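Hi,

Here is the structure I said I would pass on. Have a look at it first, then read my notes underneath.

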Amino acid sequence: MKKNRLNLAFRILTCIAIFIVVTFFVAWLLEDIIFFSLFIGIPVGIISAVIAFAIMTRYQTKK
């Protein structure tokens, strides 16, 4: 039970970090082209975090 909570906490913290990094990276790449680049960076960050969570959940539950 405790191991499952640690795995869940690890997945959540990793996805939060992925969300932040991807959001700011996409916004940084597009800031010269699009004035409101966070409007593109935030959805891309959310999508990448959800995909990462799904992939990590799938591979951790197979073990």
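Two helices and zero strands: that is what the chain has. Keep in mind that this is a predicted model, so everything below is computed from predicted atoms.

**Overall shape**

Try turning the chain until you see its long side. Taken along the principal axes, the C-alpha atoms fill a box of roughly 45 × 15 × 15 Å. The radius of gyration tells a similar story: the chain has 14 Å, while a compact globule of 63 residues would come out near 11 Å. How much of the chain is buried? Buried residues make up 19% of the 63 residues. As for contacts with a separation of 6 or more, 56% of them are between residues 24 or more positions apart.

**The helix α1**

Helix α1 covers residues 2–30. You can check its length yourself. At 1.5 Å a residue, its 29 residues should span 42 Å, and the end C-alpha atoms are 42 Å apart, so the two values agree. (The expected span uses one less than the number of residues, in case your own sum comes out a bit higher.) Which residues of α1 are buried? They are Arg11, Cys15, Thr23, Val26 and Ala27.

Ile18 is also found in helix α1, but at 27% relative accessibility it counts as partly exposed, because buried means under 20%. Leaving aside neighbours within four places in sequence, Ile18 is in contact with Ser48, Ala49 and Ala52. Ile46 is another one to click on: its C-alpha atom is separated from that of Ile18 by 8.8 Å, though the two are 28 residues apart along the chain.

**Arg11 and Gln60**

Arg11, in helix α1, is the one I would look at next. Arg11 is buried yet has no salt bridge. Where is the nearest side chain of opposite charge? That is Glu31, and it is 33 Å away, whereas a salt bridge needs a distance within 4 Å. What Arg11 does have around it, not counting neighbours within four places in sequence, is contact with Phe53, Met56, Thr57 and Gln60.

Gln60 is found in helix α2, and with a relative accessible area of 25% it is partly exposed. Besides Arg11, Gln60 touches Asn7 and Phe10, again not counting residues up to four places away in sequence. Gln60 and Asn4 are 56 residues apart in sequence, but 9.7 Å apart in space, C-alpha to C-alpha.

**The loop between the helices**

Glu31 turns up again here, in the loop between α1 and α2 (38–62). Its relative accessible area is 47%, so Glu31 is partly exposed. Now pick Met1 as well: Glu31 and Met1 are 30 residues apart in sequence and 45 Å apart in space, C-alpha to C-alpha.

Ser37 is found in that loop too. Is Ser37 buried or exposed? Ser37 is buried, with a relative accessible area of 8%. Not counting residues up to four places away in sequence, Ser37 touches Ala27, Leu30 and Glu31.

**Aromatic rings**

How many aromatic pairs are there in the whole structure? A search finds three. One is formed by Phe25 and Trp28, and this pair is tilted: 5.9 Å centre to centre, with 35 degrees between the planes. Phe25 and Trp28 are three residues apart in helix α1, so about one helical turn separates them. Phe25 counts as partly exposed at 46% relative accessibility, while Trp28 is exposed, with a relative accessible area of 53%. The cut-off for exposed is over 50%, which is why these two get separate labels.

Another pair, Phe35 with Phe36, is edge-to-face, at 4.8 Å centre to centre and 80 degrees between the planes. Both Phe35 and Phe36 are exposed. Phe39 joins them: Phe35, Phe36 and Phe39 form one aromatic cluster.

That's what I have for now. Happy clicking!

Definitions and conventions
Residues numbered from 1 in each chain as written. Predicted model: local features only at pLDDT ≥ 70, side-chain atom pairs only at ≥ 80, totals over all residues. Heavy atoms only, no water. Phe/Tyr/Trp six-rings, centres within 6.5 Å; stacked < 30°, edge-to-face > 60°. Helix = DSSP H or I, 4+ residues; strand = E, 2+ residues; numbered from the N terminus. Buried < 20%, exposed > 50% of the residue type's maximum accessible area, 1.4 Å probe, protein only. Expected span 1.5 Å × (residues − 1). Lys, Arg positive; Asp, Glu negative; His and termini not counted. Contact = heavy atoms within 4.5 Å. Rg over C-alpha atoms; globule rule 2.2 N^0.38 Å.
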